[in-house]
Amino acid sequence: MFVRLPSRLVAPVLCAVLLPAAASAQVEPRGFYVTLYGQYSNLGSSTLTETGPNGAGSGLRAEFGGGSGWGGDFGWRYGNGWAAEIEWNYRSHNLDSLSKAGLNLASDGDFASNTFLLNGLRRFPTGGAWTPYIGAGLGWVQEIDIDIKPIGGGVERSYSKSGEFAFQLIAGAEYAITPNWRLTADARWLRVGSVTLDNEVANSGGKAGPLDYNPFSVQVGVRYSF
């Protein structure tokens, strides 16, 4: 059953709920911090075309297994619940299969990226050891590449591209174990979109794509606050 509050009570109720959170945000200390983390990453499948001398043509489907990665960030807490950070991230996803018309052409390889991001975070200090946070970031993909190893040997194919833009959403929490050291855990959704990659073999021509690169990851790390 829903209870309706008189309009004259809405403002006092909102103030009672929001002001303690705002006050706690004000007492968070300002300062720099640095984080190192490891992650598990998941990437969805893609349909693509592979052209060039050794390409497998159109109508391909790539399936990716679980991936792993690592990275770090260097940030600044403003002391009012907000923080900004520069993040570096590398992650790689296993190529489980590359199939065409039900025939598996490859079952080994990887799809990886190296990305730099600028994140903004809204932190919610609780007055205790736990600090939840949410955030978003804009990034630049220094390199994204896929390696394909055919079943039964043959020529390994590699495709890559640089200069893509990325966007990510963040939600997680940190736990203070000492005044300076904290454990972190969060989930991140990175979106690059669809990319078409160029053959890495010089003067050979050929492309692979479009490939969707929008991985979802969970990660744990350790953070030091200066």
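**Before the close-ups: how to read the words.** A residue counts as buried when its relative accessible area is under 20%, as exposed when it is over 50%, and as partly exposed in between, using a 1.4 Å probe and protein chains only. What you're looking at is a predicted model, in which local features need pLDDT of at least 70 and side-chain atom pairs count only at pLDDT 80 or more, while totals for chains, interfaces and linings use all residues. Residues are numbered from 1 along each chain as its sequence is written, and side-chain values use heavy atoms, with hydrogens and water left out.

**View 1. The whole protein chain has 1 helix and 12 strands.** Helices (H or I, at least four residues) and strands (E, at least two) are DSSP runs, numbered from the N terminus. If you walk along the sequence, the pattern goes α-β-β-β-β-β-β-β-β-β-β-β-β. The chain has 226 residues, and 42% of them count as buried. A contact means heavy atoms within 4.5 Å. Take the contacts between residues at least 6 apart in sequence: 67% of them join residues at least 24 apart. The accessible surface (Shrake-Rupley method, 1.4 Å probe; for residues, only the protein chains shown count as cover) comes to about 11700 Å², and 64% of that belongs to carbon and sulfur atoms.

**View 2. Asn114 sits in strand β5, residues 103–123.** Asn114 has a relative accessible area of 16%, so it counts as buried. Its side chain makes a polar contact with the side chain of Trp88 at 2.7 Å. (That term means a pair of N or O atoms within 3.5 Å; within protein, one must be able to donate a hydrogen and the other to accept it, and residues adjacent in sequence count only if both atoms are side-chain atoms.) Leaving out residues up to four places away in sequence, Asn114 also touches others, including Tyr90, Trp140 and Glu143.

**View 3. Leu43 is in the loop between β1 (31–42) and β2 (46–50).** With a relative accessible area of 4%, Leu43 is buried. Here's a neat bit of folding: Leu43 and His93 are 50 residues apart in sequence, yet their C-alpha atoms are 7.1 Å apart in space. Setting aside neighbours within four places in sequence, the residues in contact with Leu43 include His93, Phe64, Phe111 and Tyr213.

**View 4. Glu174 and Arg123 pair up in a salt bridge.** A salt bridge is a side-chain nitrogen of Lys or Arg within 4 Å of a carboxyl oxygen of Asp or Glu, and by this rule the count comes to 11. For Glu174 and Arg123, the N to O distance is 2.9 Å. This pair links distant parts of the chain, with Glu174 in strand β8, Arg123 in strand β5, and their positions 51 residues apart. Both ends are buried: Glu174 has a relative accessible area of 1%, and Arg123 has 2%.

**View 5. Glu164 and Lys161 also form a salt bridge.** Their N to O distance is 3.1 Å. Glu164 is buried at 16% relative accessibility, whereas Lys161 is partly exposed at 29%. Elsewhere, salt bridges that share partners join Glu28, Asp73, Arg123, Glu174, Arg182 and Arg223 into one network.

**View 6. Asp145, in strand β6 (residues 130–150), has a charge to spare.** Asp145 is buried but has no salt bridge. The nearest side chain of opposite charge is Lys149, 11 Å away. (Lys and Arg count as positive, Asp and Glu as negative; His and the chain ends are not counted.) Apart from neighbours within four places in sequence, Asp145 is in contact with residues that include Phe111, Tyr159 and Leu197.

**View 7. Ile177 is part of a nonpolar surface patch.** Patches are made of residues with over 30% relative accessible area and no salt bridge, where like charges are joined within 9 Å and nonpolar side chains (Val, Leu, Ile, Met, Phe, Trp, Tyr) within 5 Å. This one covers about 700 Å², and its other members are Leu36, Trp130, Tyr175, Trp181, Leu183 and Val222. Ile177 lies in the loop between β8 (164–176) and β9 (181–191), and it is partly exposed at 49%.

**View 8. Two backbone details, at Pro210 and Ala101.** The peptide bond from Gly209 to Pro210 is cis, with omega near -5 degrees. You'll find Pro210 in strand β11, residues 207–213. Ala101 has a phi near 55 degrees, a positive value in a residue other than glycine. Ala101 is in the loop between β4 (82–100) and β5, and at 84% relative accessibility it counts as exposed.
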